[in-house]
Amino acid sequence: MFTTTFDLQAWLAGLLTGLGLFAAVGAQSAFILRQGLMRAHLPSVLLVCGLADAVVIFASALGLRALDEQAPWLMTVMGWGGAVFLACCAWRSARRALAAGGGLAPAARVAHTRRGAVLSALAFTLLNPHFWLDMALVGALAHNFGSASLAFAAGAVCASVVWLLILGGGARLAAPLLRDARTWRVLDGGIAVVMAGMAVRLLLRVA
């Protein structure tokens with residue numbers, strides 16, 4: 001039987017690992033920031049993203065690594081699909097950034113219905129290949145802690161919750177600073193560059 005101290009160490013390791021993996025502005029983070037800035041069903045979005053993270057993190061700790069070993073083609077398929085998804089996100093962001101009179105256009109940028117927000121949150125989470133790559137890594141690392149693998153997974157879930165709350169709270173705090181349409185165009189331009197770079201890296205990895 002493992003001691004409480006060892007379990008705490010596994011939890012802390014999971015927390016720090018999760019923060020290192022999740023604390024990045026990717027497709028999901030950009031979507032959450034946009035919903036938060038427009039105050040469009042942010043609690044529902046955060047809840048869905050948090051639950052999706054928790055379910056997949058624990059599933060990864062319990063055997064996603066074994067699934068990847070039995071079907072190595074799965075990551076390749078997800079890589080190609082994810083690259084296409086990210087390229088589409090980059091194209092849409094670039095088009096908004098370059099459009100005359102673009103910028104702050106809430107109706108075109110956020111999901112205003114709760115159903116739309118929930119479905120978009122699921123898409124930006126589950127169709128993001130980096131999400132699955134991160135979760136596969138979390139599962140692989142969790143296995144190193146043996147019987148305390150679930151404690152490691154719990155730490156990673158806490159890291160996910162912390163990052164989601166930072167995104168949600170940060171979006172509300174930053175709202176007064178992002179009233180200018182030009183700021184949105186710069187933001188969209190930056191997101192387009194990041195998404196395009198992620199798509200290229202994925203293509204190089206799976207090609």
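This report describes the overall fold of a predicted model and then its helix α2, helix α6 and residue S44.

**Overall architecture**

The chain contains nine helices and zero strands. Its order along the sequence is accordingly written α-α-α-α-α-α-α-α-α. Of the 207 residues, 42% count as buried. The accessible surface is about 10700 Å², and carbon and sulfur atoms contribute 71% of that area. Among contacts with a separation of 6 or more, 88% join residues that lie 24 or more positions apart.

**Helix α2 and its surroundings**

How many of the 11 residues of α2 are buried? The number is 10, so the helix is largely enclosed by the rest of the structure. The buried residues are A27, Q28, S29, A30, F31, I32, R34, Q35, G36 and L37. After α2 comes R39, which has a positive phi near 55°.

**The pairing of α2 with α6**

Helix α2 covers residues 27-37 and helix α6 covers residues 114-126; their axes come within 8 Å and cross at roughly 155°. Because angles over 145 degrees count as roughly antiparallel, α2 is classed as roughly antiparallel to α6. The crossing of the two helices is left-handed. The residues on each side of the contact are set out below.

| Helix | Residue range | Residues in the α2 and α6 contact |
|---|---|---|
| α2 | residues 27-37 | A27, Q28, F31 and Q35 |
| α6 | residues 114-126 | A117, S120, A121, F124 and T125 |

By residue class, this contact comprises five nonpolar and four polar residues, with no charged residue. On the α2 side, A27, Q28, F31 and Q35 form the contact, and these four residues also appear among the buried positions of the helix.

**S44 in helix α3**

Residue S44 belongs to helix α3, which spans residues 42-70. Is S44 buried or exposed? Its relative accessibility is 16%, and since buried means under 20%, S44 counts as buried. Apart from neighbours within four places in sequence, S44 is in contact with R114 and V118. Both of these partners fall within the range of α6, residues 114-126. Helix α6 thus supplies R114 and V118 as contacts of S44, while A117, S120, A121, F124 and T125 of α6 take part in the contact with α2.

Terms used. Residues numbered from 1 in each chain as written. Predicted model: local features only at pLDDT ≥ 70, side-chain atom pairs only at ≥ 80, totals over all residues. Heavy atoms only, no water. Buried < 20%, exposed > 50% of the residue type's maximum accessible area, 1.4 Å probe, protein only. Contact = heavy atoms within 4.5 Å. Areas by Shrake-Rupley, 256 points an atom, 1.4 Å probe, with all protein chains shown as cover. Axes fitted to C-alpha atoms, helices over the stretch in contact; angles between N-to-C directions. Parallel < 35°, antiparallel > 145°, perpendicular 65-115°, else oblique. Left-handed = near helix turned anticlockwise from the far one by under 90°. Nonpolar A, V, L, I, M, F, W, Y, C, P; charged D, E, K, R; others polar.
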